[in-house]
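Work through the short exercises below with the structure open beside you. Try each task before you read its solution.

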Amino acid sequence: MTENITKGETHGCIVCGKLYQLYVVYDPDGKFIDSKIMSAGGVKIKAENHPLVACETHSGEQIERAVERVFGHHIDEDEEE
Ligand SMILES: [Zn+2]
């Protein structure tokens, strides 16, 4: 039996840093599974291992560039929390 853990977290928009409330789901080992944006105006960005959010007003290209800037081309697990 495994039970996922849901936490309320605050994350900044990847593009402009505006803060959004998220519910983030982790598995019992603490691995990120999924997130849900609770604040209006935010959209979830599909990214492995990280809860990411951006304002819905940003273009897909803006968001992609921001993700690359923050994580490099590949999003992986080497980031220390
Ligand atoms: Zn933003």
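**Exercise 1: Partners across the sheet**

Find the bridge partner of V25 in β3.

Solution. The partner of V25 in β3 is D34. Keep in mind that this model is predicted. Now step back to V24: S35 in β3 stands opposite this residue. Next, look to β1 and β2: V24 in β2 also has K7 opposite.

**Exercise 2: Counting bridges**

How many bridges join β2 to β3, and how many pair β1 with β2?

Solution. Start with β2, which covers residues 19-26. Five bridges join β2 to β3, and these strands run antiparallel. Then take β1 and β2. Their pairing is antiparallel too, over eight bridges.

**Exercise 3: Building the sheet**

What is the strand order, and which strands lie at the edges?

Solution. Put the pairs together. The order is β1-β2-β3, in an open sheet of three strands with antiparallel pairing. The edge strands are β1 (5-12) and β3 (32-37), since each of them pairs on one side only. On average, neighbouring strands of this sheet are turned by 30 degrees against each other, direction ignored.

**Exercise 4: The turns**

Which residues take a positive phi in the two hairpins?

Solution. Begin with the hairpin of β1 and β2. Six residues lie between its strands, and G17 has a positive phi near 85 degrees. Move on to the hairpin of β2 and β3. Here five residues lie between the strands. In this turn, G30 has a positive phi of about 90 degrees.

Key: Residues are numbered from 1 along each chain as its sequence is written. This is a predicted model: local features need pLDDT of at least 70, side-chain atom pairs count only at pLDDT 80 or more; totals for chains, interfaces and linings use all residues. Two strands pair if DSSP finds at least two bridges between them. Helices (H or I, at least four residues) and strands (E, at least two) are DSSP runs, numbered from the N terminus. Axes are lines fitted to C-alpha atoms, for helices over the stretch in contact, and angles run from 0 to 180 degrees between N-to-C directions.
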